[in-house]
Amino acid sequence: MSVAEQKLSHLTAASRFDLCCSGECIRTLFGASHITYNPRAEGCERMLKVLLHGACSYDCAYCDVRLQRERLSLSPDELAGTFLGFWREGLVDGLFLSSGIPRDVDLVMQELVETGEILRRRGYDGYLHLKILPGAARADIHDAARVANRISINLEATSPDRLGGIAGVKDYRQDILKRQAWMAEEKPGHHTTQLVLGAAGETDAEVLSCVADQYRRVRPSRIYFAAFRALPGTPLAVHPDTPAWRARRWYQADYLLRDYGVTPDALRVALDEEGLFANRDPKEVIAAGNAPVNVNTAPRRALLMVPGIGPKGADRILVQRRVRPFTGPADLARAGIRGKAAGRHLTFGGGETVQTRLVL
Ligand code: SF4
């Protein structure tokens, strides 16, 4: 393994808390090296995820890159050259590039952009996701948006107060929200963010307010949710881990907001008195409080709120019930719906069929 590949191996491991998929990021060895890639990432099948600098002068309490703990760095040339080698061999087809901030934010941001520019100049036309650093200059955000397919900045926490408790060096409004608004102008629909659930002690009600504000104001294409993990040697080393199911429930809630047209107010029904989700699909919780809907007459919006019915299933029901009404849970199979999950939230009366042949 070359020196650059050895450094890359460490810097890919250090990037594990930057998210680019909603599942657990599976890390796989390839070739003879220990360099890992993410096989279920956004935008491409095999995303190499790596930091340019493994050191940081910031002291975010949840992060093990903090305070210069890992001094390895790659230059833009080294990273671009090594990545291009893998790409030309057909080992990876996308790059997610982030960085610690060992010195001036502007210098590091310009190195991230420069890496992207080198890749493009040398013929790389694949997927490129560049991280925007807190406090980045508008001109660098503009350049990153030009060279990358997607850009992202990490919110990490739900509010200035919550971030202040775990990363006081960052100004939530100035360094993050203001930059995110610029990103939304430079790369509308192609920027993402992530939240670390549980690190700052926020409730799910606070997460919901934050997520709703994001979709209203800057419309990120995705919000990723990381369950907090206590890391040895950090100030939060003895803070309790957040159960993995909380992130899973948040991905389910996020789908409801983004793809099912559920309003934040409707989702609040799934919160308990302390503003927390139970370990149960929020759609199930909402449906349990609603009256069953008639599968043969309900509008699409109501069908979408039935557990087991997604956007495609709802569309198939709308088409098929015009030809032949559904008569019971077993009948839902012809629309590709599992009757067990959906059946108890549906009724099957009435319905009109369209005339499909002439009766003479
Ligand atoms: S700025 Fe990023 S890399 Fe640096 S300590 Fe904070 S979370 Fe870690």
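**Strand 4 and its neighbours**

Both faces of strand 4 are covered in this predicted model: on one side G94, F96 and S98 are buried, and on the other side L95 and L97 are buried as well. Taken along its length, strand 4, which spans residues 94-98, is mostly covered, with five of its five residues buried.

The pairing of this strand is a good place to look next. Strand 3, made of residues 47-51, pairs with strand 4 in the parallel sense, and five bridges connect the two. Within this pairing, G94 of strand 4 is the bridge partner of M47. G94 thus appears both among the buried residues of strand 4 and in a bridge to M47.

Strand 4 also pairs with strand 5, residues 127-131, again in the parallel sense and over four bridges. Here F96 stands opposite H129 of strand 5, and F96 is itself one of the buried residues of strand 4. The connection between these two strands brings in a helix: strand 4, helix 3 (residues 105-121) and strand 5 make a right-handed β-α-β unit.

Turning to the cysteines, the structure holds zero disulfides. For readers setting up a force field, it may help to recall that a disulfide is a covalent bond between the sulfur atoms of two cysteines. C56 counts as buried because its relative accessibility is 10%, under the 20% cut-off. C210 likewise counts as buried, because its relative accessibility is 8%.

Notes
Residues numbered from 1 in each chain as written. Predicted model: local features only at pLDDT ≥ 70, side-chain atom pairs only at ≥ 80, totals over all residues. Heavy atoms only, no water. Disulfide = S-S within 2.5 Å. Buried < 20%, exposed > 50% of the residue type's maximum accessible area, 1.4 Å probe, protein only. Pairing = 2+ DSSP bridges. Right-handed = clockwise from strand over helix to strand, strands pointing away.
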